[in-house]
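Work through the following exercises with the sequence and the coordinates side by side. Each task is followed by a solution that goes step by step.

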Amino acid sequence: MRMNEYQREVVTELLSEIKHRSPFYAEKFKDIDLTNIRTQEDFETLPFTDKGDLREAYPLGLAAVPEKDIVRIHSSSGTTGTPVVIPYTKKDVEDWAVMFERCYRMAGITEKDRIQITPGYGLWTAGIGFQAGCERLGAMAIPMGPGNTEKQLRMMEDMQSTVLCATSSYALLLAEEIKRRGIKDRLALRKGVIGSERWGEKMRNEIAADLGVEFYDIYGLTEIYGPGIGISCDYRNGIHMWDDYLYFEIIDPKTGETVPDGTVGELVITTLRKEGAPLIRYRTHDLTRIIPGDCPCGSRFPRIDIIVGRTDDMIKVKGVNMFPAQFDEVLSTIDGATSEYQVMIDHLMGRDEVTVYFETDRPEDQRPAMEQELVQKIKSKINVTVKPMAVSVGYLPRSEKKTNRIFDNRY
Ligand code: ZN
C-alpha cells in the first residue's frame, strides 16, 4: 500500500521534530540523518521499534511531552516481566475516542444504543476505550467490566442492552449461558463488538446466532492507543483501519522487507498524531494482510484481514510461510470436518513433507473425497501440497494451546 500524500507530509513533519520531542527516538535514531527521509522508500529504511525497546524505556522513558501534559498512562503487561508504559496527552485521549466513535458508527451503532462493556477497566486499555467512544457517540454505557456472569445477564435483560462488547471467549461463555437458560427472547441484543482474534467461522456464526447479534471485529493494541484503531463493516470482509491517524505497513517478519498487498505478513504501525508516545514503525507481531481494492460499503479507509496469528506461530515450508489459522480456515469450509487437526512437518528423503490429520465423524468410504477437497483447498490457499489423513473423532490428542497443532519435526 502506498503512503498517501497526507501521510507523507505528516511523517516528514514528525521525523523533523522527533529527536527534539522524544529522548527515546533521539537515542534510537542518533546515527540517522532524518532530513534525508523524504519518500516511502526512504522511510522503509528506518529501523523498526519493537516491544523490547519500549520495555527498556520503563517507566516513563517513552514520553515525548513535558510531564505536565501527560493526563493518563496505560500499560501492557506482557508475559516477560517489565511492563510497557504508554503516556497519553489530553489530545491523545480525545483522538482515541474519536477513532472509537467511528468504530461504533461503522458497526451501525447509534446514540440510541445501550452498550454493555465487558472488557476490563484499568491499566490495560480495553474498557475505558469502549467507554470513551460510547460517551462521545452519545450512546448509553453500561460499564460492567469482566466476569460475574450472573450480574452481566441480569443487567443485559433489565437494561435491555442492545450492544455487547467482549472478547470472543467471553462472548462464547455468555452465549452458552444464555442458551442454557433459554433467555434469548428476553434480551434486546442486536450487535456484538468483539476483539479481533482468530476464531473459526463456524464457531463465530454459532455464537452470533445464540446471542442474536451481528458481530464486528475491532482491532487495537495498548502501545497504539488501544482497541478502536479499526473495525470490520457490514460486509465483514476485513477491518477498516483509520489511516488518517496511523500509517500501516505489512512486512515479512523474517526479512523485514515490505510485502506486496494481499500477502500475509506482520503488521507494522506508525502513529501520525500521537503526542505522548509517538511510535515509528512499531512491530505488532500480528499477522495479517492488506486487502486490495475497495470495500462494497463505500468506506475509503483501507482494510486489513482479520488477524491470522502471531509471528511466533509462523512456519516456513518449501519457501512458503504458513500459519495455524490458515488450516483452521480451510478445515472450517470442509463439510464433515471437526475443528480438531494436527499438522506434521517432516524432512523425508531430502524434502519437506506436510501431513494434515483432521477429525471427522463421517464413515470411512466418505473420507477420500474429503481428503481430496482438503488437498485442493490448501493448495489454492497456501500453495503447498499436503498429505491428508482423515481420522475418527477422538483420535487426535486434545491440546490446550492452539499453537500446539503444528509440529515441526525437521530440526
Ligand atoms: Zn467496508
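**Exercise 1. Determine the strand order of the open four-stranded sheet, and explain which strands stand at its edges.**

Solution. In this predicted model, the four strands of the open sheet follow one another in the order 20-19-18-21, and their pairing is mixed. Reading that order from its ends, one finds strand 20 (387-392) and strand 21 (406-408) at the edges; each has a single partner strand, so one side of each remains without a neighbour in the sheet. The next step is the relative orientation of the strands: with direction ignored, neighbouring strands of this sheet are turned by 15° against each other on average.

**Exercise 2. Describe how strand 18 pairs with strand 21, and identify the helix that packs on the sheet.**

Solution. Begin with strand 18, which covers residues 337-348 and pairs with strand 21 in the parallel sense over three bridges. Within this region Ile345 can be taken as a point of reference, since the residue standing opposite Ile345 is Asp408 in strand 21. Then turn to the packing on the sheet, where helix 10 (residues 324-332) touches strand 18, strand 19 (351-360) and strand 21. The direction of helix 10 makes about 135° with that of strand 18.

**Exercise 3. Which residues supply the protein donors of the zinc ion, and which arrangement do the donor atoms form?**

Solution. First list the donors: they are the SG atoms of Cys233, Cys295 and Cys297 together with NE2 of His240, and they lie 2.1 to 2.3 Å from the zinc ion. Next examine the angles, which for the four donor atoms run from 101 to 115°; because four donors count as tetrahedral if all angles lie between 85 and 135 degrees, the arrangement is tetrahedral. For comparison, the ideal angle for four tetrahedral donors is 109.5 degrees.

Then place the donors along the chain, where their spacing reads C-x6-H-x54-C-x1-C. Cys233 and Cys295 link distant parts of the chain, being 62 residues apart: Cys233 belongs to the loop between strand 8 (226-232) and strand 9 (239-241), whereas Cys295 belongs to the loop between strand 13 (290-291) and strand 14 (303-304). Finally, consider accessibility: Cys233 is buried at a relative accessible area of 1%, and Cys295 is likewise buried, at 6%.

**Exercise 4. Is His74 buried or exposed, and what surrounds it?**

Solution. His74 is located in strand 1 (residues 70-76). Its relative accessible area is 2%, and since buried means under 20%, His74 is buried. The side chain of His74 makes a polar contact of 3.3 Å with the side chain of Arg72. Once neighbours within four places in sequence are set aside, the residues in contact with His74 include Val84, Ile86, Tyr88, Trp96, Trp124 and Thr222.

**Exercise 5. Locate the cis peptide bond, and place the two non-glycine residues Tyr225 and His285, each of which has a positive phi.**

Solution. As background, most residues other than glycine have a negative phi, and most peptide bonds are trans. The cis bond joins Tyr58 and Pro59, with omega about 0°, and Pro59 lies in the loop between helix 4 (51-56) and strand 1.

Tyr225 has a phi of about 65°; Tyr225 sits in the loop between strand 7 (214-221) and strand 8 and is buried, at 0% relative accessibility. His285 also has a phi of about 65°, but its place is in strand 12 (residues 282-288). With a relative accessible area of 19%, His285 is buried.

Methods: Residues numbered from 1 in each chain as written. Predicted model: local features only at pLDDT ≥ 70, side-chain atom pairs only at ≥ 80, totals over all residues. Heavy atoms only, no water. Pairing = 2+ DSSP bridges. Helix = DSSP H or I, 4+ residues; strand = E, 2+ residues; numbered from the N terminus. Axes fitted to C-alpha atoms, helices over the stretch in contact; angles between N-to-C directions. Contact = heavy atoms within 4.5 Å. Donors = N, O, S within 2.8 Å, 3.2 Å for Na, K, Ca; no water. Tetrahedral: all angles 85-135°; square planar, octahedral: opposite > 155°, others 65-115°. Buried < 20%, exposed > 50% of the residue type's maximum accessible area, 1.4 Å probe, protein only. Polar contact = N/O pair within 3.5 Å; in protein donor to acceptor, adjacent residues only side chain to side chain.
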